[in-house]
Amino acid sequence: MSQDETPSNPNDLSRRDFIKVGLGSSIVAVGVLPGCEEGALLHEGRAELATPLSQLDIVLTVNGEVVSLTAEPRSTLAEVLRDTLHLTGTKIGCDRAACGACTVQVDGKVMLACSTLAVEVDGRSVVTIEGLSSGGELHPLQASFVECDALQCGFCTPGMIMSCKGLLESNPAPDLQEVKDGIAGNLCRCGTYPRVFEATLQAASRMRQRG
Amino acid sequence: MRNFGYVRASTVSDVVNELAVGGRDTSILSGGVDLLDLLKEELVNPDVVVSLSQVPGLESVSVATDGKTTVGARATLASLAANLDLQTRYRALADAAAKAATPQIRNRATLGGNILQRPRCWYFRKQEFDCLKKGGNSCPGAAGENRYLAILGGGPCYAVHASSLAVALVALDASAVISRPGGSRTSLVKDLFIGPSEDPTREHRLADNEIIVSVILPAPKVGSTNCYTKVRHKEAWDWAMAEAAVQLVVSGGLITDARVVIGGVAPVPWRSAEAEVVLKGKAPSATLMAQAAEAAMVVARPLSDNAYKVPAAYHVVEQALLQATGLAS
Amino acid sequence: MADNVTQAGEPLVDRYSQRGDRDIIGTSVPRLDAIAKVTGAAKYTHDLYPTGVLHAVAVRSPYASATVITINDGVARTLPGVVEILTYPGKRIRYAGEEVAVVAAETLGQARDGARALEVEYEAYAAVVNIEDAISSGAPQVYDTKPNAGEPRVSTTGDVVQGFSQADVVYEADYRTQIQTHSPMETHAAVIHWHDFDHATVWIATQGIFSARDELATYHGVPPENIKVICDYIGGGFGSKIGIGTYGRMCSDLSRLSGRPVRLILDRKAEQLATGNRPNSIQHLKVGARSDGTLTAIELTGYATPGVGSGSGFGSAARGLYDCPNISTTEIAVYTNCGPAAAMRAPGHPQGVFSMEAAMDELAYELGLDPVEIRITNDPHKMRRAQLRLGAEKFGWAQRNPVPGGDSGPVKRGMGVATCTWVGGGTPGYQVKTTLHPDGRVLVQTGTQDIGTGCRTWIGMLVAEELGLPLEKIQVEIGHTDLPVGCFAGGSTTTPSMSPPSRESGQLAREALAEVVAPVFGGVPSQLTFQDGLVMADNGVSMTFEEACSYLDAPISLTGSRGDIAKVGRQISTGAHFAEVEVDVRTGKITVLRVLAVHDAGRILNRLTAESQVYGGVIMGMNYALFEERVMDVSQGLMLNANLEGYKIGGSRDIPEITPLLMDLASGGSYVGALGLGESPTIPTAAAIANAVRHAIGVRLTEIPMTPSRVLAALGTINRSPKYKMRRR
């Protein structure tokens with residue numbers, strides 16, 4: 001948004017220091033106003049302005065491990081996962097939130113890593129496809145995808161499985177239509193959807209039996 | 001995407017103050033789904049992006065004692081779709097949220113961001129085209145590939161408003177609570193939107209230093225019912241060919257109040273006075289709903305390639321009215 | 001099964017197994033690489049970051065026709081991280097999206113910043129992006145040296161004038177099909193490292209590692225053996241990843257100049273604009289038949305645009321789908337200022353079948369014949385006649401409403417049928433090497449690549465079958481040019497080309513091992529049986545396969561190169577699709593309810609992946625019928641939907657119930673008897689859906705995609721005059 005007011009020099013703005021809270025939870029706090037009422041939406045009076053940051057220290061949990069890194073504000077989560085952490089199971093198919101190849105879980109919810117800035121997951125927990133089979137045992141979804149041939153070229157597969165995982169965690173007993181709804185944001189150009197439906201229903205059934 | 005400075009606000013007043021800084025372009029980041037699209041296409045190139053992610057209190061959905069429901073601007077579409085109060089009392093909103101976008105986007109996209117997202121017009125979204133929305137002199141879309149453009153209220157720009165939630169909110173007579181330097185103001189959601197004849201470069205009336213912090217849904221009146229319907233070309237991840245949200249109050253067997261809002265067909269969530277007039281004071285019937293839908297389309301002015309939106313809009317209005325009144329077969 | 005005959009009409013002899021039942025071939029076996037794919041461990045070209053890699057970003061022309069006058073890279077070179085910039089001043093640009101420069105930098109962000117900082121001055125010209133404009137008089141010429149409209153390609157059999165005079169009924173109509181883009185999930189990508197000025201390792205998402213190697217070697221003037229191409233995994237291609245493309249050459253140049261590995265990954269927009277597409281078509285088709293449905297004449301004329309490229313035919317269906325004594329086709333390729341066409345899954349066929357099969361239905365309706373029967377009457381292939389009968393029975397064809405458009409209510413159902421022919425021509429000349437190790441390991445190697453079809457797995461299955469081993473005992477290595485030469489992935493040729501040498505290498509390995517261990521049994525090698533992981537003699541004495549291998553002093557390698565692939569007659573793969581749709585006449589929206597896809601692909605090697613191919617083909621065909629369409633703005637010559645949002649591809653909720661029905665008759669002309677299945681399943685789907693829509697609403701749509709707008713216009717609900725009028729030559 002462009003401003004109509006008289007421009008002022010950003011360098012003259014009062015500077016606020018980075019506050020390191022510690023590992024785990026939110027560690028970058030910019031613009032925190034001490035003494036604010038928790039939960040209040042509005043505050044009277046002038047708040048100090050924050051200094052916009054161009055390099056950001058980010059700490060996040062990826063597949064259960066705490067990871068610290070530095071990123072530009074514009075870096076997407078997908079870019080950081082792939083280019084920095086080399087967790088390349090998360091794919092970039094469109095980079096515009098239209099194909100789902102970059103689907104990961106953030107704090108348990110499926111999201112698109114291409115359309116999430118890395119800094120916005122600071123302090124959060126990310127699960128990628130690489131986090132599903134730690135210890136060498138396949139997740140039931142992965143096992144069913146293998147068994148049912150729910151993949152062809154395989155490029156959409158990690159994102160597809162992450163969406164199915166998110167679905168089964170919120171709905172352990174989906175019907176066919178609910179499976180279709182759950183992966184409505186995942187594009188497979190090879191067209192292996194019928195297999196994905198079958199695999200997801202099979203995995204759901206096995207996971208329920210296993211308890 | 002160009003680089004930008006990043007500020008993580010802690011309070012709403014932080015945000016408002018950041019917006020008030022002159023000499024720089026500042027963008028607000030809520031869910032970021034639309035903002036990232038705009039940044040990647042370099043249609044917006046802010047100096048500073050202010051994140052709302054650590055501003056507390058913006059994500060809740062709460063019912064007040066007087067029966068109103070307040071929805072925080074950062075409530076995600078998924079949380080709206082799953083909210084029991086919305087599902088029972090404001091079904092149109094819950095359904096609009098549930099039928100928007102994809103599961104991944106609904107987990108990230110927020111109420112405020114959805115209302116204020118920029119249109120999807122493919123001429124606007126391409127840097128290579130000059131257009132009214134980008135401050136240019138003409139609309140390349142109207143005489144060009146106009147299949148997704150407006151049939152109602154278009155001109156000089158014909159880009160369609162993209163928000164499904166806005167359609168429901170206008171039908172539900174919702175108000176937005178807007179923070180600005182020194183305080184806040186309230187506006188009916190329907191009054192937030194600007195048609196292109198007034199200013200094609202923007203879709204809403206928020207000042208540059210204002211943000212929406214919440215939306216208030218008034219307590220439904222006795223006998224009121226609401227409904228949302230949508231039709232799209234493709235069932236998985238597609239924008240609406242047309243969508244409609246309606247709220248009717250039926251008292252003594254007659255429709256005493258009607259709000260009929262159509263989306264996907266106009267530069268603003270389109271409230272159809274023509275349909276509402278037909279409905280008011282009449283007893284609900286299938287024939288009446290068809291007449292109302294027909295009245296809504298009397299003012300439609302399709303372009304060369306979007307006439308299909310007229311029957312589509314007719315259909316969603318008729319279906320929403322039938323479903324709202326339990327007349328749907 | 002239906003007919004126990006091959007397509008050539010001979011009695012079927014199962015030439016495969018001399019020892020009786022097959023253990024693995026023909027069963028459903030999960031892919032060898034499935035675990036790598038479901039865990040994210042599979043490394044695609046996108047996923048490679050060699051040490052010291054530079055990221056490259058291309059600058060592409062925003063003009064459809066222009067000359068690059070100057071490129072000022074002064075600012076860009078000063079930016080942090082920018083290492084190398086190549087510019088192409090003076091280049092004549094013929095479509096928007098053509099490359100004008102490329103920037104390599106330490107990070108992707110820095111490369112993008114560098115690309116943005118280049119100042120490019122263009123001289124822009126008027127452009128033409130559709131056929132109608134391109135063939136009008138005074139149209140801007142795409143190429144200075146040749147007219148936009150190419151020489152008509154004419155093919156004539158018999159005498160159509162005479163043929164039409166013999167007809168009792170003649171049906172003619174105009175048809176249009178759209179431009180479809182490949183849109184593979186993995187965009188085109190190369191990671192190239194010139195270790196010195198003469199030797200390179202190339203990782204590239206390609207359907208042909210050897211052709212990529214040779215193309216690059218020629219470009220740089222180095223011997224092919226100096227270049228090693230690797231493609232372990234590729235995220236789809238559908239025909240668009242056969243050459244190395246300009247991106248491959250730019251990437252290679254950047255690495256050769258900088259001495260560092262360079263990574264060039266196309267973004268989705270570039271993929272949509274510059275890497276290929278299925279050409280559109282504007283067809284006029286006239287078909288005559290006698291009152292019993294027998295065809296007397298077929299005449300097809302029309303245009304198609306391959307953009308700035310070549311290869312836009314659509315007449316194969318008119319020429320070859322049905323028996324007809326008098327056929328004439330005239331196809332004219334028209335240059336436009338659009339990205340070049342590329343082979344796309346059954347090039348030319350879906351567009352031709354769409355018109356031909358529409359005409360067959362209209363003749364049937366006109367003559368009061370059943371659409372299935374009129375096809376059987378004219379079908380030259382015994383196999384497909386059987387497929388039509390079988391499919392009709394399985395699909396419940398007899399239950400369809402006898403009156404087209406006869407359903408009451410606003411949502412109308414219809415059924416349609418359409419057929420296909422694909423000559424899945426395998427070629428000889430490829431090798432597969434099987435190595436047996438003394439510790440019992442079996443390694444199978446060949447330089448082909450698996451684009452998602454599952455060849456990695458069935459290559460292993462063929463060897464496993466010969467050695468009597470379960471598949472998990474076989475390790476398969478593909479995708480490297482230092483392996484024996486394998487087939488490129490295109491035209492459904494991999495299966496017919498690679499299955500004989502695969503089987504033969506396993507057979508030779510078995511025979512070689514039998515020679516070694518026969519003395520242990522005190523018998524003759526030929527009497528040893530390899531089955532269930534055992535090597536057995538007639539007298540019941542056996543040892544495990546591993547034990548047998550322990551008699552080897554050193555690894556032995558056997559190369560299969562068998563290429564006894566029969567000519568065309570035994571390489572024809574036929575199919576028939578049956579579709580049921582629902583059309584909501586209030587909104588014009590079509591929902592495909594179910595598709596039955598009957599196919600003959602010879603012997604089925606892996607039922608699981610074969611059926612997956614059919615699913616994929618049907619879904620791509622459905623998307624072609626209903627959704628996909630490249631949309632160009634005429635005023636500036638730009639693609640409006642160069643993404644995966646506006647370029648519509650159906651997703652999970654659009655998928656109908658699909659039933660693959662594979663004949664599995666070993667009808668292919670090789671000693672394995674297998675044919676390819678990549679192309680056929682996508683050919684007839686759109687036509688079958690269009691015919692089902694015709695049956696549902698009683699009106700013919702002659703243009704795809706069948707959008708709500710077109711359905712409503714066909715129904716007369718809305719007025720929708722065509723934007724462009726075709727001028728007849």
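**Salt bridges, helix packing and a chain interface in a predicted model**

The side chains of Glu546(C) and Lys473(C) come together in a salt bridge, with an N to O distance of 3.5 Å. Glu546(C) belongs to helix α15 (residues 545–549) of chain C, whereas Lys473(C) sits in the loop between α13 (455–467) and β19 (474–477) of chain C, so the pair ties together parts that are 73 residues apart in sequence. Neither partner is buried: Glu546(C) is partly exposed, with a relative accessible area of 29%, and Lys473(C), at 41% relative accessibility, also counts as partly exposed. The model described here is a predicted one, and every value given for it is computed from that model.

A second salt bridge of chain C joins Arg319(C) to Glu331(C), whose closest N and O atoms are 2.8 Å apart. Here Arg319(C) lies in helix α9 (residues 316–320) and Glu331(C) in strand β15 (residues 327–335), both of chain C, so this pair ties together parts that are 12 residues apart in sequence. The two partners differ in their surroundings, since Arg319(C) is partly exposed with a relative accessible area of 31%, while Glu331(C), at 5% relative accessibility, counts as buried. Over all chains, the count of salt bridges comes to 79.

Salt bridges also run between chains. Arg195(A) forms one with Glu611(C), the closest N and O atoms being 3.7 Å apart; because Arg195(A) lies in helix α5 of chain A and Glu611(C) in helix α16 of chain C, the pair joins two chains. Both Arg195(A) and Glu611(C) are buried. Elsewhere, a network of salt bridges links residues of chains A, B and C, including Asp95(A), Arg96(A), Lys40(B), Arg125(B) and Glu645(C).

The helix that carries Arg195(A), α5 of chain A, can be examined for its length and its packing. Its 18 residues (residues 193–210) should span 26 Å at 1.5 Å a residue, and the end C-alpha atoms are 25 Å apart, which agrees with that expectation. The buried residues of α5(A) are Tyr193(A), Pro194(A), Arg195(A), Val196(A), Phe197(A), Ala199(A), Thr200(A), Ala203(A) and Ala204(A). An α-helix has 3.6 residues a turn, so residues three or four places apart point the same way. The buried residues of α5(A) pack against α2 (140–148), α3 (157–170) and α4 (176–182) of chain A, and also against α16 (607–626) and β28 (657–662) of chain C. Just after the helix, Gly211(A) adopts a positive phi of about 85°.

The interface of chain C with chain B involves 38 residues from chain C and 29 residues from chain B. Together the two chains bury about 3100 Å², of which 53% is on carbon and sulfur atoms. On the side of chain C, the residues that lose the most area to chain B are Leu640(C), Glu645(C) and Lys648(C), which together account for 19% of what that side buries. Across this interface there are 7 salt bridges, and Glu42(B) forms a salt bridge with Arg116(C), with the closest N and O atoms 2.6 Å apart. The interface also holds 16 residue pairs in polar contact, counted where both residues have pLDDT 80 or more. The elements α3 (108–117), β26 (632–633), β27 (638–639) and α18 (708–715) of chain C each supply at least two residues of the side that touches chain B, and the largest share of that side, 3 residues, comes from α18(C).

With regard to cysteines, the structure holds 0 disulfides over all chains. The sulfur of Cys324(C) is 19 Å from the closest cysteine sulfur, that of Cys420(C), and this is too far for a bond; Cys324(C) is nevertheless buried, at 10% relative accessibility. Cys455(C) is likewise in no disulfide, the nearest cysteine sulfur, in Cys487(C), being 8.9 Å away, and Cys455(C) is buried with a relative accessible area of 1%.

A loop residue of chain C may be considered last. Thr45(C) is found in the loop between α1 (34–39) and β1 (54–60) of chain C, and it is buried, with a relative accessible area of 2%. Residues up to four places away in sequence being left aside, Thr45(C) touches Glu186(C), Ala189(C), Ala190(C), Val191(C), Trp203(C), Ile204(C), Ala205(C), Tyr233(C) and Ile265(C).

Notes:
Residues numbered from 1 in each chain as written. Chains lettered and ligands numbered in written order. Predicted model: local features only at pLDDT ≥ 70, side-chain atom pairs only at ≥ 80, totals over all residues. Heavy atoms only, no water. Helix = DSSP H or I, 4+ residues; strand = E, 2+ residues; numbered from the N terminus. Buried < 20%, exposed > 50% of the residue type's maximum accessible area, 1.4 Å probe, protein only. Contact = heavy atoms within 4.5 Å. Expected span 1.5 Å × (residues − 1). Disulfide = S-S within 2.5 Å. Salt bridge = Lys/Arg side-chain N within 4 Å of Asp/Glu carboxyl O. Buried area = accessible area lost by both parts, 1.4 Å probe. Polar contact = N/O pair within 3.5 Å; in protein donor to acceptor, adjacent residues only side chain to side chain.
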